[in-house]
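Colleague: Could you walk me through this model at the bench? I would like to ask about its build and a few of its side chains.

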Amino acid sequence: SVGEEEQKPWPCCDLCLCAPLKPPQCRCEDLWIKSCDPNCKDCAKMPLFVYPPVFKCHDVVTGQCGKRCH
């Protein structure tokens with residue numbers, strides 16, 4: 001479909017949470033090592049005492065998160 005291949009703020013997503021709107025508003029809850037994908041605008045370092053540090057992208061997309069990582 002047209003526009004389905006819009007650039008997502010992450011390369012893939014295993015844990016996609018969506019608000020039940022029409023169309024759905026979704027975000028990826030996956031944690032990323034060292035940093036988020038360059039396409040992510042709202043990247044936050046998680047307050048976990050792990051090394052290397054982990055990050056989560058808080059960007060929200062319209063529609064599903066895209067392909068799964070695993």
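Modeller: Happy to; here are questions and answers on the fold, the charges, the surface and a few single residues.
This is a predicted model, in which local features need pLDDT of at least 70, side-chain atom pairs count only at pLDDT 80 or more, and totals for chains, interfaces and linings use all residues. Residues are numbered from 1 along each chain as its sequence is written, and side-chain values use heavy atoms, with hydrogens and water left out.

Colleague: Thanks! Which elements does the protein chain have, from the N terminus on?
Modeller: Helices (H or I, at least four residues) and strands (E, at least two) are DSSP runs, numbered from the N terminus. By that rule there are zero helices and six strands. The order from the N terminus is therefore β-β-β-β-β-β.

Colleague: What percentage of the residues of the protein chain count as buried?
Modeller: Buried means under 20% relative accessible area, exposed over 50%, and partly exposed in between (1.4 Å probe, protein chains only). The C-alpha atoms fill a box of roughly 40 × 25 × 20 Å along the principal axes. Of the 70 residues in the protein chain, the buried ones make up 31%.

Colleague: How many salt bridges does the structure hold?
Modeller: A salt bridge here is a side-chain nitrogen of Lys or Arg within 4 Å of a carboxyl oxygen of Asp or Glu. Arg27 pairs with Glu29, with closest N and O atoms 2.5 Å apart, and Lys56 pairs with Glu29 at 2.9 Å. The structure's total is two.

Colleague: Which residues are joined into one network by salt bridges that share partners?
Modeller: Lys56 forms a salt bridge with Glu29. That pair links distant parts of the chain, 27 residues apart: Lys56 is in strand 5, and Glu29 is in the loop between strand 2 (25–28) and strand 3 (32–33). Both Lys56 and Glu29 are buried. Through shared partners, the salt bridges make one network of Arg27, Glu29 and Lys56.

Colleague: Is Arg27 buried or partly exposed?
Modeller: Glu29 has a relative accessible area of 13%, so Glu29 is buried. For Arg27 the value is 35%, so Arg27 counts as partly exposed.

Colleague: Which residues make the nonpolar surface patch?
Modeller: Patches are made of residues with over 30% relative accessible area and no salt bridge; like charges are joined within 9 Å, and nonpolar side chains (Val, Leu, Ile, Met, Phe, Trp, Tyr) within 5 Å. Leu48, in the loop between strand 4 (43–45) and strand 5 (54–57), is partly exposed at 42%. The patch covers about 250 Å² and is made by Leu31, Leu48 and Val50.

Colleague: Is Tyr51 buried or exposed?
Modeller: Tyr51 lies in the loop between strand 4 and strand 5. Its relative accessibility is 79%, so Tyr51 counts as exposed.

Colleague: Which residues is Gln64 in contact with, leaving aside its neighbours within four places in sequence?
Modeller: Gln64 sits in the segment after strand 6 (61–62) and is partly exposed, with a relative accessible area of 49%. Contact means heavy atoms within 4.5 Å. Beyond those sequence neighbours, the partners of Gln64 are Lys8, Cys16, Cys18, Pro24 and Cys26.

Colleague: One last thing: how far apart are the C-alpha atoms of Gln64 and Cys12?
Modeller: Gln64 and Cys12 are 52 residues apart along the chain. In space, their C-alpha atoms are separated by 11 Å.

Technical notes. Accessible areas come from the Shrake-Rupley method with a 1.4 Å probe; for residues, only the protein chains shown count as cover.
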